Amino acid sequence: MVKTILVVDDYSDIVVSVKQVLEDTTGEYRVISADSGEKCLQILQQDTPLPDLILLDIMMPGMSGWDVAARIKQNDRWRDVPIVFLTAKGDEMSVGIGHLASDDYIVKPFDIMKLKECVQRILHQPRL
């Protein structure tokens, strides 16, 4: 079954890169995107299946990734969707808080193989 990954990033180059990396020849993943936190929440509010994973930037205009993650975790319907921060915020404090608030934390520029391994690990581990 194809897994849907929602990439939330205001830089289209990142979205295109992630899409190319994850939508490879296996057809295992489908990547959709939102260019802001607000649009991410709008997608989640639709009466369609939720994404299987959210790759979330932190530094975006308007609503930050921190705020988006908090809103997701407060919602009974969305709270179990895994979140991976994919961000340029690589300082020690952000990484530490990010690991507490998400399933993983990847700093840009990211290693393609590490991103693929992270996505595979999260999407194929049994959820509690």
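1. What is the mean pLDDT of the protein, and what share of its residues reach 70 or more? The model is predicted. Its mean pLDDT is 93. Of its residues, 98% reach 70 or more. Confidence is lowest in helix 4, residues 92-101, with a mean of 89. The highest value belongs to strand 3, residues 53-56, at 98. As a general caution, predicted coordinates should not be read in detail where pLDDT is low.

2. Overall make-up. The protein has five helices and five strands. Along the sequence they follow the pattern β-α-β-α-β-α-β-α-β-α. The radius of gyration is 13 Å, and the globule rule gives 14 Å for 128 residues, so the protein is as compact as a globular protein of that length. The C-alpha trace spans about 35 × 35 × 30 Å along its principal axes. Of the 128 residues, 42% count as buried.

3. Contacts along the chain. Take the contacts in the protein with a separation of 6 or more. Residues 24 or more positions apart account for 65% of them.

4. The sheet. In what order do the five strands lie? The order is 2-1-3-4-5, in an open sheet with parallel pairing. Strand 2 (29-34) and strand 5 (104-107) are the edge strands, and each pairs on one side only. Neighbouring strands are turned against each other by 20 degrees on average, direction ignored. In general, strands of a sheet pair through backbone hydrogen bonds.

5. Strand 3 and its partners. Strand 1, residues 3-8, pairs with strand 3 in the parallel sense, over four bridges. Within this pairing, isoleucine 5 stands opposite leucine 53. Valine 8 stands opposite leucine 56. Strand 4, residues 83-87, also runs parallel to strand 3, and three bridges join the two. Here leucine 56 stands opposite phenylalanine 85. Leucine 56 thus faces valine 8 in one pairing and phenylalanine 85 in the other.

6. The faces of strand 3. Are its residues buried or exposed? Leu53 and Leu55 lie on one side and Ile54 and Leu56 on the other, and all four are buried. Both faces of the strand are therefore covered, and in a regular strand the side chains alternate between the two faces of the sheet.

7. Helices and the sheet. Strand 3, helix 3 (residues 65-74) and strand 4 make a β-α-β unit, and this unit is right-handed. Helix 4 lies across strand 4 and strand 5. Its direction runs at about 145 degrees to strand 5. Helix 5, residues 112-124, packs on the sheet and touches strand 1, strand 2, strand 3, strand 4 and strand 5. The direction of helix 5 makes about 170 degrees with that of strand 5.

8. A closer look at valine 107. This residue lies in strand 5, an edge strand of the sheet. Is valine 107 buried, partly exposed or exposed? Its relative accessible area is 34%, so valine 107 is partly exposed. Leaving aside neighbours within four places in sequence, valine 107 is in contact with Thr87, Ala88, Lys89, Gly90 and Val95. Proline 61 is 46 residues from valine 107 in sequence. In space the two are 19 Å apart, C-alpha to C-alpha.

How values were computed. Residues numbered from 1 in each chain as written. Predicted model: local features only at pLDDT ≥ 70, side-chain atom pairs only at ≥ 80, totals over all residues. Heavy atoms only, no water. pLDDT = per-residue confidence, 0-100. Buried < 20%, exposed > 50% of the residue type's maximum accessible area, 1.4 Å probe, protein only. Pairing = 2+ DSSP bridges. Right-handed = clockwise from strand over helix to strand, strands pointing away. Axes fitted to C-alpha atoms, helices over the stretch in contact; angles between N-to-C directions. Contact = heavy atoms within 4.5 Å. Rg over C-alpha atoms; globule rule 2.2 N^0.38 Å.
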